[in-house]
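Please look over the sequence and the structure below before reading on. The report that follows is meant to be read with both in view.

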Amino acid sequence: MRVFRTVIECSGLSAAQIELGVGASTISRQLSDLETRLGIRLCHRGRGGFSLTQQGELALEHIDRLLAAAEEFSTNIAAINNELVGQINIGMIDYTVIDTRNPLVPAISAFRERAPEVNVSLMTGTPTEVERGVMDGKLHIGIVPDYQRHPSLNYAELYDEEVGLYCAANHPIAAKLQAGEDISESQVTKHALVHRGYFESDRLRALKQHFPVGTVAYQTEAVMALVGFGLYLGFFPAHCKHTAQFQFLEVLPDVFGFSTPIMAIWRRDRNQSQILQEFLDLVLNSKQRTAV
C-alpha cells in the first residue's frame, strides 16, 4: 500500500523508482499483488502513462486512512514501552515556517534533542488542504491562519502574523509612494490584484472585494513573483518581503495592513500519543518564549 501511495505521489513508476530504490518491474509486480489481494484494478500503467482507475481513486481514500491508523498504532505501542519513536507529520501554509515568531522551529530543535528517533516531516499547502489533512489523519498538526473553525479540531493561537498590501518598484503606484505623494484608497483599488484560489478570512475578503481580479494564485511565492514583476498588487505577510529578490513597497498600511492569528490545529478525537503530546507542549511553550 505504501508503494501504491508513493507511485501516486511521484505521478508514475519511473519517478517512483528513485524514491523507492527498486526497479519499475518490481514496483509493477507489487502493485499487481496489491490489486490481486484487493480484488480491484487500482491503476492503468504502461506506454500510455500512469493514471488511477475510478476504483483506485476510491480505494486511495481508504488506504490513506489505513496507513495513518497503522502509523498511529506503531507510535502508541512504542509509547507503552516509553520509547519516543515514530513520526509527526505537520502541515502549514508556505512561508510560515520562516517567520521568526513561529515557534515551530525552536520546538523541532528542542524535540530532536529529547526524541532523536522521532522523524518530524513538514509539508505545505493551502489552509484548506492542511485542515483536511489533519481531519483525515494524514497530518498530526496543522499551522494555519485563523479564518474558520471546525468543530472536530482543537485550536491554539501561536502568534499574530502581520499582512500588508504591496507593489513592486516599477508599478505605477510606486512612483507616487517614493515621491511622498498622497494616494487615496480609491486610487489604489483601481489597480488589479492577485487573488488567492482558496477561502480566506472575512477581513481579507472584505479588503479584496474592492479590487479588480488580476489573476489567481495559490502559493505566497507565486503572489510575490507576480507582484515583484510589477504586474499586480498583492497581499502577503510582512516578513516575506525580505526573502525575495524584488523590491517591495507597502501601500497605505493604515488602510490595508492588518494582523491575523496563526493557529496550531489538531483533531479533537485523536488519542494523543506520548510523542505528539510532548511535541505539542514544546510548540506551545516555545510560543511563549518567542513572544517575549
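What follows is a description of the chain as a whole, then of its nonpolar cores, its salt bridges and a few single residues.

**Overall picture**

The coordinates come from a predicted model, and every statement below should be read with that in mind. The chain holds twelve helices and eleven strands, and its C-alpha trace spans about 70 × 50 × 35 Å along the principal axes. Of its 292 residues, 45% count as buried, while the surface that the chain exposes comes to about 15100 Å², with carbon and sulfur atoms supplying 49% of that area. Among the contacts with a separation of 6 or more, 67% are between residues 24 or more positions apart. As for charge, there are 26 positive and 33 negative side chains in the chain, and the centres of these two sets lie 5 Å apart.

**The nonpolar cores**

Which residues of the largest nonpolar core touch the most other members? This core has 23 residues, and the ones in question are Ile88, Ile90, Leu104, Phe111, Ile141 and Phe279. At least two core residues are supplied by each of the strands β3 (86–92), β5 (141–145), β6 (153–168) and β11 (258–267), and likewise by each of the helices α5 (104–114) and α12 (274–291). The largest share, six residues, comes from α12. Phe279 can serve as a way into this part of the model: leaving out residues up to four places away in sequence, Phe279 touches Ile88, Ile90, Leu104, Ala107, Ile108, Phe111 and Ile141. Another core lies apart from this one; it is made of 18 residues, including Cys167, Leu207, Val251 and Phe258.

**Salt bridges**

A search of the whole structure finds seven salt bridges, and three of them are set out here with their closest N to O distances.

| Basic residue | Acidic residue | N to O distance |
|---|---|---|
| Arg41 | Glu35 | 3.6 Å |
| Arg45 | Glu35 | 3.1 Å |
| Lys208 | Glu200 | 2.9 Å |

Glu35, Arg41 and Arg45 are linked in a network of salt bridges. Within this network Glu35 is buried, at a relative accessible area of 10%, whereas Arg41 is partly exposed at 41% and Arg45 is partly exposed at 21%. The bridge between Arg45 and Glu35, with its closest N and O atoms 3.1 Å apart, joins two elements of the fold. Because Arg45 lies in the loop between β1 (43–44) and β2 (51–52) while Glu35 belongs to helix α3 (residues 24–38), the pair ties together parts that are ten residues apart in sequence.

Is the bridge between Lys208 and Glu200 made by buried or exposed residues? Lys208 is buried, with a relative accessible area of 4%, and Glu200 likewise counts as buried, at 10%. Their side chains meet at 2.9 Å, N to O.

**Two buried glycines**

Gly91 lies in strand β3 and counts as buried, at 0% relative accessibility. With residues up to four places away in sequence left out, Gly91 touches Met123, Val130, Leu139, Ile141, Gly142 and Ile143; Ile141 is also one of the residues named above for the largest core. Gly91 and Ala69, which are 22 residues apart in sequence, lie 18 Å apart in space, C-alpha to C-alpha.

Gly228 is found in helix α10 (residues 220–228) and is buried as well, with a relative accessible area of 10%. Neighbours within four places in sequence aside, Gly228 is in contact with Ala168, Asn170, Phe246 and Phe248. The C-alpha atoms of Gly228 and Phe246 are 5.3 Å apart, although the two residues are 18 residues apart in sequence.

**Two residues with positive phi**

Most residues other than glycine have a negative phi. Ser11 has a phi near 60°, a positive value in a residue other than glycine, and the same description applies to Tyr95, whose positive phi is near 75°. Ser11 sits in the loop between α1 (2–9) and α2 (13–20) and counts as exposed, at 61% relative accessibility. Tyr95 lies in the loop between β3 and α5 and counts as partly exposed, at 23%.

Key: Residues numbered from 1 in each chain as written. Predicted model: local features only at pLDDT ≥ 70, side-chain atom pairs only at ≥ 80, totals over all residues. Heavy atoms only, no water. Core = buried A, V, L, I, M, F, W, Y, C linked by side-chain atoms within 4.5 Å. Buried < 20%, exposed > 50% of the residue type's maximum accessible area, 1.4 Å probe, protein only. Helix = DSSP H or I, 4+ residues; strand = E, 2+ residues; numbered from the N terminus. Contact = heavy atoms within 4.5 Å. Salt bridge = Lys/Arg side-chain N within 4 Å of Asp/Glu carboxyl O. Areas by Shrake-Rupley, 256 points an atom, 1.4 Å probe, with all protein chains shown as cover. Lys, Arg positive; Asp, Glu negative; His and termini not counted. Charge placed at Lys NZ, Arg CZ, Asp CG, Glu CD.
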